[in-house]
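Visitor: Could you walk me through this structure, and tell me how each label is earned?
Guide: Gladly; let's have it in front of us.

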Amino acid sequence: MPGGAKQNMGTLGAIGPTEDAFALTPHAANAMPANKGFMVSVGGTMAIRTPKSAADVSITVLAGVVYPIALQYLRIAGTSATGIVGFN
């Protein structure tokens, strides 16, 4: 960057291709492995909490779309989407 300025990369880190893909399994209480985003093979709802959130939220997701949302928790109750794959 000009003048030695640093670019704020936010929670997604450096922009570039994913380095890893892994299954994310909803759970009542366990945290998810570190991730930068996800996609699903069958759309539906997901009950999630992001790393900086204080509460769970429900989102509707479509199959085949890459969502750049880091998941800290993926709750089994309230999640109907399946084939959830996390990216790092």
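**Strands, partners and a buried threonine**

Guide: A good place to begin is A47, whose bridge partner in β5 is R75. Please keep in mind that this is a predicted model.

Visitor: Which residue stands opposite A47 in β4?
Guide: That is S58.

Visitor: What makes β3 and β4 a pair?
Guide: Pairing calls for at least two bridges between two strands. β3 and β4 have 5 bridges and run in the antiparallel sense, so they qualify as a pair.

Visitor: How do you know that β3 and β5 pair too?
Guide: The reasoning is alike. Strand β3, residues 44–49, is joined to β5 by 3 bridges, and at least two are needed, so this is a pair as well. The two strands run antiparallel, and R49 has Y73 of β5 opposite it.

Visitor: In what order do the strands of the sheet lie?
Guide: The order is β4-β3-β5, in an open sheet of 3 strands with antiparallel pairing. β4 (57–61) and β5 (73–75) each have a single partner strand, which is why they stand at the edges, with one side of each left without a neighbour in the sheet. From one strand to the next, the twist averages 40°.

Visitor: What holds paired strands together in general?
Guide: Strands of a sheet pair through backbone hydrogen bonds, in a parallel or antiparallel manner.

Visitor: How many helices and strands does the chain have?
Guide: The count is 0 helices and 6 strands, and the pattern along the sequence reads β-β-β-β-β-β.

Visitor: Where does T79 lie?
Guide: T79 is in the loop between β5 and β6 (85–87).

Visitor: Why is T79 called buried?
Guide: Buried means under 20% relative accessible area. T79 has 17% relative accessibility, so T79 counts as buried.

Visitor: Which residues does T79 touch, leaving out those up to four places away in sequence?
Guide: They are P26, T45, M46, A47, L74 and I84. So our starting residue, A47, is among the contacts, since contact means heavy atoms within 4.5 Å.

Visitor: What makes the approach of T79 to R75 a polar contact?
Guide: The T79 side chain reaches the backbone oxygen of R75 at 2.5 Å. The cut-off for a polar contact is 3.5 Å, so this distance falls within it.

Visitor: And what of the chain as a whole?
Guide: Of its 88 residues, 26% count as buried. Its accessible surface comes to about 5500 Å², with 61% belonging to carbon and sulfur atoms. Among contacts with a separation of 6 or more, 67% are between residues 24 or more positions apart.

Key:
Residues numbered from 1 in each chain as written. Predicted model: local features only at pLDDT ≥ 70, side-chain atom pairs only at ≥ 80, totals over all residues. Heavy atoms only, no water. Helix = DSSP H or I, 4+ residues; strand = E, 2+ residues; numbered from the N terminus. Axes fitted to C-alpha atoms, helices over the stretch in contact; angles between N-to-C directions. Buried < 20%, exposed > 50% of the residue type's maximum accessible area, 1.4 Å probe, protein only. Areas by Shrake-Rupley, 256 points an atom, 1.4 Å probe, with all protein chains shown as cover. Polar contact = N/O pair within 3.5 Å; in protein donor to acceptor, adjacent residues only side chain to side chain.
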